Amino acid sequence: MTDTTPDPSDPANPSDPSDPSDPSDPASPASPADPADPANSSNRLRIAFSPCPNDTFVFDAWAHGRVPGATALDVTFADIDLTNGMAERGELDVLKVSYAVLPWVLEEYALLPCGGALGRGCGPLVLTKEPGTDLTGKTVAVPSERSTAYLLFRLWAADVVPGGVGEIVVMPFDEIMPAVRDGKVDAGLVIHEARFTYQNYGLHNLADMGRHWEETTGLPIPLGAIIAKRSLGADTLRLLAESVRTSVRMAWDDPEVSRPYVLEHAQEMDPAVADQHIGLYVNEFTADLGEDGYAAIRGLLTRAAAEGLVPPLGPDALSFV
């Protein structure tokens, strides 16, 4: 799916404001709030994250009001290519976005030190119909040109495809593997659960972008970030970060509580695949970026800026509060 992810409302609570009006809609707003409920007032934080299992797992407790002292949420579910655009337009208070979009939005938004997706052994893959395909001059489908996956791919190609790839075609992530299988493109860049399902399309893993990144840098792979508007103020930003940490810890403490929310929004994903997805993308970096996490983010964006793929970061751009 996306470079990130959440959303299943608890089916036992159909009035829950985080329940999407149409789970099949990649940008489905939450159900309308009850105006008679004081908790559904304008002080709700407007948040958007994806329906992927890792996001719904992370935000389940917070979205359902189980995090003590946390601000209530008005949830919109949107795939990461849409939330990237929301961030560039300054929409919503809190967003799950690709790390690749940070250089364009950090003046208005602050990077939260938790809640995102970084890790090891979880990078994007380049898939082909035939093993060992030479990508020189070939057509490659990608889910977005403003994604971490795309930056990792371009950095990999600069190292291992000296002749350069050919045309880049942007298409929805769920169309990429069928397009490669059907010969419409020569290769496809895929992310998330496609790591576990590409063999079903008869495709071959030509290269693992994450493995290349880890071998050349020794750092984890930065994928999706949680950002919040700086205008909310330092105290609120700190509360948001603590709410994220509490929500993910509650999910770790009792994973079964989040399962209905995860599976409701997993877009017919096999439950075992959803569990693999969570296990891969929700880890110690989700609770806190730490020194390695920040080094990975700055390393990726610095290398990408050197290749002319993103604007350069300022020295304090990643500072929290």
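How many of the eleven residues of helix 1 are buried? Eleven of the eleven are, so helix 1 is largely enclosed by the rest of the structure. The views below start from the whole chain, in a predicted model, and then turn to helix 1 and other sites.

**Figure 1. Overview of the protein chain, a predicted model.** The chain has 321 residues, and 55% of them count as buried. Its secondary structure consists of twelve helices and twelve strands. Contacts reach far along the sequence. Among those between residues at least 6 apart, 80% join residues at least 24 apart. The accessible surface is about 12,800 Å². Carbon and sulfur atoms account for 49% of that surface.

**Figure 2. Helix 1 is largely enclosed by the rest of the structure.** Helix 1 spans residues 53-63. Its buried residues begin with Pro53, Asn54, Asp55 and Thr56. They continue with Phe57, Val58, Phe59 and Asp60. Ala61, Trp62 and Ala63 complete the list. Just after helix 1 comes glycine 65, with a positive phi of about 75°.

**Figure 3. Helix 1 packs against helix 10.** Helix 10 covers residues 271-281. The two axes lie 8 Å apart, at an angle of about 70°. That makes helix 1 roughly perpendicular to helix 10, because angles of 65 to 115 degrees fall in that class. Helix 1 contributes Pro53, Asn54 and Phe57 to the contact. Helix 10 contributes Ala274, His277, Ile278 and Tyr281. By class, five of the contact residues are nonpolar and two are polar, with no charged residue.

**Figure 4. Asparagine 54 of helix 1 makes a polar contact with histidine 277.** Asparagine 54 sits in helix 1. Its relative accessibility is 2%, so asparagine 54 counts as buried. The contact with histidine 277 runs from side chain to side chain, at 2.8 Å. Both residues belong to the contact of helix 1 with helix 10. Valine 262 can be marked in this view too. Asparagine 54 and valine 262 are 208 residues apart in sequence, yet their C-alpha atoms are 8.1 Å apart.

**Figure 5. Helix 1 also meets helix 8.** The axes of helix 1 and helix 8 come within 7 Å. They cross at roughly 110°. Helix 1 is therefore roughly perpendicular to helix 8. From helix 1, the contact takes in Phe57, Val58, Phe59, Asp60, Ala61 and Trp62. From helix 8 come Leu240, Ser243, Val244, Ser247, Val248, Met250, Ala251 and Trp252. The residues of this contact comprise eleven nonpolar, two polar and one charged. Phe57 appears here and in the contact with helix 10 as well.

**Figure 6. Serine 247 of helix 8 reaches the backbone of valine 58.** Serine 247 lies in helix 8, which spans residues 234-253. With a relative accessible area of 0%, serine 247 is buried. Its side chain comes to 2.6 Å from the backbone oxygen of valine 58. Beyond its neighbours within four places in sequence, serine 247 contacts Val58, Phe59, Asp60, Ala61, Trp62 and Val67.

**Figure 7. Glutamate 214 lies in helix 7.** Helix 7 runs over residues 209-217. The relative accessible area of glutamate 214 is 18%; the cut-off for buried is under 20%, so glutamate 214 is buried. Not counting residues up to four places away in sequence, glutamate 214 touches Arg120, Gly121, Leu219 and Ile221. Glycine 123 is 91 residues away along the chain, with its C-alpha atom 9.3 Å from that of glutamate 214.

**Figure 8. Leucine 92 has a positive phi and touches lysine 229.** Leucine 92 is in the loop between helix 2 (80-88) and strand 4 (94-98). Its phi is about 70°, although leucine 92 is not a glycine. Most residues other than glycine have a negative phi. Leucine 92 counts as buried, at 13% relative accessibility. Lysine 229 lies in strand 12 (residues 221-229). Lysine 229 is buried too, with a relative accessible area of 14%. Apart from neighbours within four places in sequence, its contacts are Gly90, Leu92, Asp93, Glu108, Tyr109 and Leu237.

Conventions. Residues numbered from 1 in each chain as written. Heavy atoms only, no water. Axes fitted to C-alpha atoms, helices over the stretch in contact; angles between N-to-C directions. Helix = DSSP H or I, 4+ residues; strand = E, 2+ residues; numbered from the N terminus. Parallel < 35°, antiparallel > 145°, perpendicular 65-115°, else oblique. Contact = heavy atoms within 4.5 Å. Nonpolar A, V, L, I, M, F, W, Y, C, P; charged D, E, K, R; others polar. Buried < 20%, exposed > 50% of the residue type's maximum accessible area, 1.4 Å probe, protein only. Areas by Shrake-Rupley, 256 points an atom, 1.4 Å probe, with all protein chains shown as cover. Polar contact = N/O pair within 3.5 Å; in protein donor to acceptor, adjacent residues only side chain to side chain.
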